[in-house]
Amino acid sequence: MRAEVWKYLSLILTLVLSLSIVSNALLYMQMGELEKYKEMPPSVNETTTIVSPTQENITILKLQIERLKREVSFLRSLLESENVTTANATIAVLPIIGPIDSSSALGIIKAIREIRGNDTIKGVLLWIESPGGYVGPVREIYNELKKLGYLKPIVAYVSGYAYSGAYYIACAAREIIAEPLSEVGSIGVIYVHFNAEEYYKMNGIEVEVFKTGPYKDMGADWRGLTPEERDIIKNEIQTYFNDFLEVVSEGRNMTINETKKFATGRAWFAKDVNGTLVDKLGDFDVALKELLKLIGAKKANVIILNMEDNEFEIGTTSMLYMPASQAYGYIRWRG
């Protein structure tokens with residue numbers, strides 16, 4: 001049964017992705033046509049009718065996507081029901097502590113995959129205490145948790161703070177439980193660039209660069225950024241920011257416009273965003289109880305995974321899901 005369900009689930013997910021791409025494409029086409037009309041208004045001798053034939057198609061596609069999402073949810077519940085066979089269950093507590101880079105992400109992803117293959121573990125509690133980190137590793141952890149979430153319920157627990165990339169990861173969970181005075185949010189992207197050109201000059205250091213294209217050394221600390229490079233970086237930041245908005249919108253069941261209200265880069269006390277950025281206020285035991293409800297068990301054998309500490313630093317030009325106040329403390333530039 002599991003193989004058949006997964007086969008059907010994969011098909012539905014493919015359809016959801018395809019429909020999302022098509023609906024976005026139609027929307028952009030429609031916007032493009034309107035922009036053309038603005039730029040080239042009709043002459044007095046022309047009769048022009050603006051028709052929006054794609055609007056109905058977009059609406060239909062959105063309804064189909066919602067229907068497929070409901071089917072995915074149903075199939076996920078079927079898979080989860082196969083996992084719970086007794087009144088008791090084993091729950092894995094996966095700590096995500098400290099800033100996130102490739103090294104820490106490797107250990108976390110390894111643990112997630114081990115949990116996914118362990119049939120004795122019926123649910124996962126993410127214990128998050130992190131300022132976020134590098135864009136790539138954060139997104140990789142999130143993607144692995146989304147896969148795990150189809151098989152086993154995930155609840156995120158925030159004890160102190162889940163900023164930026166850490167909150168991004170929390171959105172992969174079915175529910176987010178937080179201490180009332182913990183801080184969550186800081187939705188946004190920051191780009192850190194070291195410009196040490198004057199330092200090199202002051203110390204008589206000459207840098208010779210041989211490159212195959214004008215942007216090959218973009219972001220290097222031996223020179224500043226050109227106007228064109230600044231535009232490229234702005235576009236990159238906006239792309240990652242849009243992705244962040246989509247993740248929060250999906251995970252918290254909010255529209256993009258609702259999500260943008262919280263996407264100013266600031267963090268909130270959990271008590272002030274209860275019902276939006278978090279689902280419920282409470283401590284570790286409350287989070288465990290919520291997870292037990294999701295897996296349909298009365299008791300749990302709790303195992304806490306031991307994750308290794310790592311030395312985090314920002315030593316090069318970097319794109320980060322992390323507040324500037326936190327990033328500053330990890331800057332390590334060596335002249």
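This text walks through a predicted model of one protein, from its overall make-up to two helices, its aromatic pairs and a patch on its surface.

The protein has 335 residues, and 41% of them count as buried. Its chain forms 10 helices and 11 strands. Among contacts with a separation of 6 or more, 78% are between residues 24 or more positions apart. The accessible surface comes to about 18900 Å², and carbon and sulfur atoms account for 54% of that area.

Helix H7 covers residues 227-251. H7 has 25 residues, and from its first C-alpha to its last it reaches 36 Å, close to the 36 Å expected at 1.5 Å a residue. The buried residues of H7 are Glu229, Ile233, Phe241, Phe244, Leu245, Val247, Val248 and Ser249. They are covered by elements including helix H4 (135-149), helix H5 (165-170), strand S7 (190-192), helix H8 (256-260) and strand S11 (318-321). Just after H7, asparagine 253 has a positive phi of about 55°.

Tyrosine 240 also lies in H7. Is tyrosine 240 buried, partly exposed or exposed? Its relative accessibility is 29%, and buried means under 20% while exposed means over 50%, so tyrosine 240 counts as partly exposed. Leaving aside neighbours within four places in sequence, tyrosine 240 is in contact with Val135, Val189, Met319 and Tyr321. Its C-alpha atom is 8.5 Å from that of glycine 188, and these two residues are 52 residues apart along the chain.

A second helix to follow is H9, residues 284-295. H9 has 12 residues and spans 17 Å from first C-alpha to last, close to the 16 Å expected at 1.5 Å a residue. Within H9, the residues Phe284, Ala287, Leu288, Glu290, Leu291, Leu292 and Ile295 are buried. These buried residues pack against strands S1 (88-97), S2 (121-130), S4, S5 (175-178), S9 (280-281) and S10 (299-304).

The next topic is the aromatic rings. A pair of aromatic rings is described by the distance of the centres and the angle of the planes. With ring centres required to lie within 6.5 Å, the count comes to 11 aromatic pairs. Why is the pair of tyrosine 157 and phenylalanine 284 edge-to-face? The ring centres are 5.9 Å apart and the planes stand at 70°; an angle over 60 degrees counts as edge-to-face, so the pair of tyrosine 157 and phenylalanine 284 falls in that class. This pair links distant parts of the chain: tyrosine 157 is in strand S4 (residues 154-163) and phenylalanine 284 is in H9, 127 residues apart. Tyrosine 157 is buried, with a relative accessible area of 3%. Phenylalanine 284, at 18% relative accessibility, also counts as buried, because the limit is under 20%.

Phenylalanine 262 and tryptophan 268 make another edge-to-face pair, with 5.5 Å from centre to centre and 75° between the planes. Both phenylalanine 262 and tryptophan 268 are buried. Tyr142, Tyr168, Phe244 and Tyr321 form one aromatic cluster. Of these, Phe244 was listed above as a buried residue of H7, and Tyr321 as a contact of tyrosine 240.

The last stop is on the surface. Tyr199, Ile205, Val207, Val209 and Trp222 make a nonpolar surface patch of about 370 Å². Where is isoleucine 205 found? Isoleucine 205 is in the loop between helix H6 (197-202) and H7. At 37% relative accessibility, isoleucine 205 counts as partly exposed.

Conventions. Residues are numbered from 1 along each chain as its sequence is written. This is a predicted model: local features need pLDDT of at least 70, side-chain atom pairs count only at pLDDT 80 or more; totals for chains, interfaces and linings use all residues. Side-chain values use heavy atoms; hydrogens and water are left out. Patches are made of residues with over 30% relative accessible area and no salt bridge: like charges are joined within 9 Å, nonpolar side chains (Val, Leu, Ile, Met, Phe, Trp, Tyr) within 5 Å. Accessible areas come from the Shrake-Rupley method with a 1.4 Å probe; for residues, only the protein chains shown count as cover. A salt bridge is a side-chain nitrogen of Lys or Arg within 4 Å of a carboxyl oxygen of Asp or Glu. Helices (H or I, at least four residues) and strands (E, at least two) are DSSP runs, numbered from the N terminus. Buried means under 20% relative accessible area, exposed over 50%, partly exposed in between (1.4 Å probe, protein chains only). Rings of Phe, Tyr and Trp (its six-membered ring) pair if their centres lie within 6.5 Å; planes under 30 degrees apart count as stacked, over 60 as edge-to-face and the rest as tilted. Contact means heavy atoms within 4.5 Å. The expected span of a helix is 1.5 Å times one less than its number of residues.
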